[in-house]
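This briefing sets out the sheets, the contact between chains, the domains and the local backbone features of the structure shown below. The points are grouped by topic for reference beside the model.

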Amino acid sequence: MQQDTLVEIDNLKQYFAIEKGIFNRKVGEIKAVNGVNLKIKRRETLGLVGESGCGKSTLGRAVLRLQEPTAGDVYFNQENEKVSVLELNKKEMRKVRANMQMIFQDPFSSLNERMTVMDNIIEPLVVNKIGDKASRKKRAGDLLEEVGLRREYLSRYPHSFSGGQRQRVGIARALSIKPQFIVADEPVSALDVSVQAQILNLLKKLQKELDLTFLFISHDLGVIRYVSDRIAVMYMGNIVEIGEREELLRNPHHPYTEALLSAVPRAGQSRNRIVLEGSTPDPINLPSGCIFRTRCPYAEEKCAEQKPEWENIKGEHFAACHFKDSLELKGIKNRKRA
Amino acid sequence: MNNNENILEMKNLKTHFFTDRGTVKAVDGVNLSVKRGKTLGIIGESGCGKSVTAHSILRLIPSPPGQIVDGGIQYQQKDNNIIDLAKLDARGDTIRKIRGNEISMIFQEPMTSFGPQYTIGYQIMEAILIHNPEMAETKAKNKTINLLDQVGIPKAEERIDSYPHEFSGGMLQRAMIAMALSCSPRLLIADEPTTALDVTVEAQILELLEELQDETGMSIIIITHNLAVVSEVADQIAVMYLGREVEFADSDQIIDNPLHPYTKGLWNSIPSLDGELEELKPVKGTVPDPINIPAGCPFADRCPEMMAGVCDQGNPPEKIEVEEGHFVRCFLYSE
């Protein structure tokens, strides 16, 4: 494992069996995550973007082992030692998980309503038996100030807070145990735009101050662009393209990335949009060859026969498309208005 | 109505909710108009009163606790008669004939807008037959198939017998639009029509709305918190904050040259996809409790350009026309 890699995801697969009848006969499986390889570097934000059902949240949960992946492995760089997260027993896992935390999408269901803000924030400390009562209280107060809330709020209950304030408490809780790696699963999707911008700025500030590494999951390309160093585009359980932020957005090499970028509404956009036909294919019967071919405006015979391999475009930019060299795809524009 | 171009004019509309905790002035003096064949976008954050405004037009405000306490909603009917919707009996025949027939609405969550126990076709046919009791059922069925076809549902003659759970979110929103269009409305109110949908599906739906407007010449009010959506489809945009429109102009004007500090803050909160990456400079704080709205300009305590002694004193001026057709309610622009 390279020094600067914090998390390595190796051919990770997460299948969900579909069962039928009283004997739970397996009639098929949903390949939610279908062989993902990713390296997340220390102190970077890797943005993971895709539409609903593409498997991005499942991937995030599998990386933290909140569910047991079907196959593959996840490695974590623990004090320069490569630890396989999936092989750890419960006790060892607890130690590693102290370094990995999650921020959830819905600030209204991710906090415990029956616990005060303080108890919510220090729960990870209690579970991991870190500190004593006084030090935990001090830490909770410091964290509240860090995320832009007043120390007095410690004794309040979550119901008296707005969505943005709750999300700040959720962030404070994730930080309480001083993790190195945070999976943020759509952390701003449920918030109004001005609150969303406040939270995004907060996350960027915290990252700089605390040397955090983020896997940032979102369906919103504008948000992803704002926070990410590199971006991975996911479609039907597969990463189809990955690259440094501006390089990928300005110079996409996978038709799905192009379509996704052109779908984002903005002034004057409708006249030159690539509208994808139909909706995503049935996840139980994935198409042969390239998974995107059924909706791809450039698909040819070869796409049905052969699964495209990962190929390097330049530097850290990779794409899985047979025609990545011959297609001239459009990225984001240089100027704000068309 | 002063202007024959307009199909709908709201004048000083006030819809209040009388709750146990106090009065919520959800809509508190809105002045907006919708032009014939054009799209008005209403944008604002949660709690700004944009949905209540839309529901007030169709008189869908639950009463109690809600009530239109002041103002008017002038609507020009098919036969050019002008009628004040705010004065109608919310349960009366007149508004019922207008709902669905002349003005129809599509909602945010297509998944909960259809009843789960009837087929899509049955529910659309029902809407058609209520407004045209004399129509034969076979004819209504054909019309339903045509509508589903028109909104881009493949194999409409088969899908007419599908149940809502057999449709994806995007398909349901299309079916919802088909139902809204079933009586050829002259005004379509779309309340967050794409918020629950993925971007690629959102793009399809926005495109569909524009096509349908070109074909039928209907007016549209689109309500959303998403500036990008509004900038793409709306001809005019109104920005709402705490029950009032704070700025109103043609789309290009308001996007390129926002005047109200709240509009500016909103614009600076949205991470852009094109151009250089810029730092977001959001409005600080949060929307105040609607029951205890501060005196003076309701935006004063969050406003970066607040003028002490002015903004926190009296009510902000009524519409000031800063450039032609570009209105703002803000002390910064008063003489």
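**The sheet of chain A**

In chain A, strand β3 (residues 45–49) and strand β8 (residues 213–218) pair in the parallel sense, with five bridges between them. Within this pairing, L48(A) stands opposite I217(A) of β8(A). The model is a predicted one, and the points below describe its two chains in turn.

- The open sheet of chain A consists of eight strands in the order β6-β7-β8-β3-β9-β10-β12-β11, with mixed pairing.
- Because β6 (100–103) and β11 (311–314) of chain A each have a single partner strand, they stand at the edges, and one side of each is left without a neighbour in the sheet.
- From one strand to the next, the twist averages 20°.
- Helix α5 (residues 163–175) of chain A packs on this sheet, where it touches β6 and β7 (181–185) of chain A. The direction of α5(A) makes about 175° with that of β6(A).

**The sheet of chain B**

- Chain B has an open sheet of eight strands with mixed pairing, in the order β6-β7-β8-β3-β9-β10-β12-β11.
- Its edge strands are β6 (103–106) and β11 (320–323) of chain B, each of which pairs on one side only.
- Neighbouring strands of the chain B sheet are turned by 20° against each other on average, direction ignored.
- The edge strand β6(B) runs parallel to strand β7 (residues 187–191) of chain B, and four bridges join the two. M105(B) faces I189(B) of β7(B) as its opposite residue.
- Helix α7 (residues 169–181) of chain B lies across β6 and β7 of chain B and runs at about 170° to β6(B).

**Strand β3 of chain B and its partners**

- Strand β3 (residues 39–43) of chain B is mostly covered, with five of its five residues buried.
- T39(B), G41(B) and I43(B) point one way from β3(B), while L40(B) and I42(B) point the other way; all are buried.
- One partner of β3(B) is strand β8 (residues 219–224) of chain B, joined to it in parallel by five bridges. Here T39(B) stands opposite I220(B) of β8(B).
- β3(B) also pairs with strand β9 (residues 236–241) of chain B, in the parallel sense and over four bridges. In β9(B), I237(B) is the bridge partner of G41(B).

**Contact between the chains**

- The contact involves 37 residues of chain A and 34 residues of chain B.
- On the side of chain A that touches chain B, α6 (193–210), α7 (221–227) and α9 (255–263) of chain A each supply at least two residues.
- The largest share of that side comes from α6(A), which gives eight residues.
- By class, the residues on the side of chain A that touches chain B are 16 nonpolar, 13 polar and eight charged.

**Helix α6 of chain A**

- α6(A) has 18 residues and reaches 25 Å from its first C-alpha to its last, close to the 26 Å expected at 1.5 Å a residue.
- Its buried residues include V193(A), V195(A), I199(A), L200(A) and L203(A).
- The buried residues of α6(A) pack against α5 and α7 of chain A, together with α11 (261–267) of chain B.
- D211(A), just after α6(A), takes a positive phi of about 55°.

**Domains of chain B**

- Chain B is divided into domain 1 (6–102 + 185–281) and domain 2 (114–184).
- The C-alpha centres of these two domains of chain B lie 26 Å apart.
- Each of the two domains of chain B contributes 13 residues to the contact between them.
- On the side of domain 1 of chain B that touches domain 2 of chain B, helix α8 (residues 199–216) of chain B gives the most, with six residues.
- The residues on that side of domain 1 of chain B comprise nine nonpolar, four polar and no charged.

**Local backbone features**

- Most residues other than glycine have a negative phi, and most peptide bonds are trans.
- S63(B) and P64(B) are joined by a cis peptide bond with omega of about -15°. The bond from P64(B) to P65(B) is also cis, with omega near 5°.
- P64(B) lies in the loop between α1 (50–57) and β4 (66–76) of chain B, and P65(B) is found in the loop between α1 and β4 of chain B.
- E79(A), in the loop between β4 (71–78) and β5 (81–84) of chain A, has a positive phi near 45°. E79(A) counts as exposed because it has 6 C-beta neighbours inside 10 Å.
- K178(A), in the loop between α5 and β7 of chain A, has a positive phi near 55°. With 14 C-beta neighbours inside 10 Å, K178(A) counts as partly exposed.

Conventions: Residues are numbered from 1 along each chain as its sequence is written. Chains are lettered from A and ligands numbered from 1 in the order in which they are written. This is a predicted model: local features need pLDDT of at least 70, side-chain atom pairs count only at pLDDT 80 or more; totals for chains, interfaces and linings use all residues. Two strands pair if DSSP finds at least two bridges between them. Axes are lines fitted to C-alpha atoms, for helices over the stretch in contact, and angles run from 0 to 180 degrees between N-to-C directions. Two residues are in contact if their C-beta atoms, placed from the backbone, lie within 7 Å. Ala, Val, Leu, Ile, Met, Phe, Trp, Tyr, Cys and Pro count as nonpolar, Asp, Glu, Lys and Arg as charged, and the others, Gly among them, as polar. A residue is buried if 20 or more other C-beta atoms lie within 10 Å of its own, exposed if 12 or fewer, and partly exposed in between; C-beta atoms are placed from the backbone. Domain bounds come from an automatic or database domain assignment. The expected span of a helix is 1.5 Å times one less than its number of residues.
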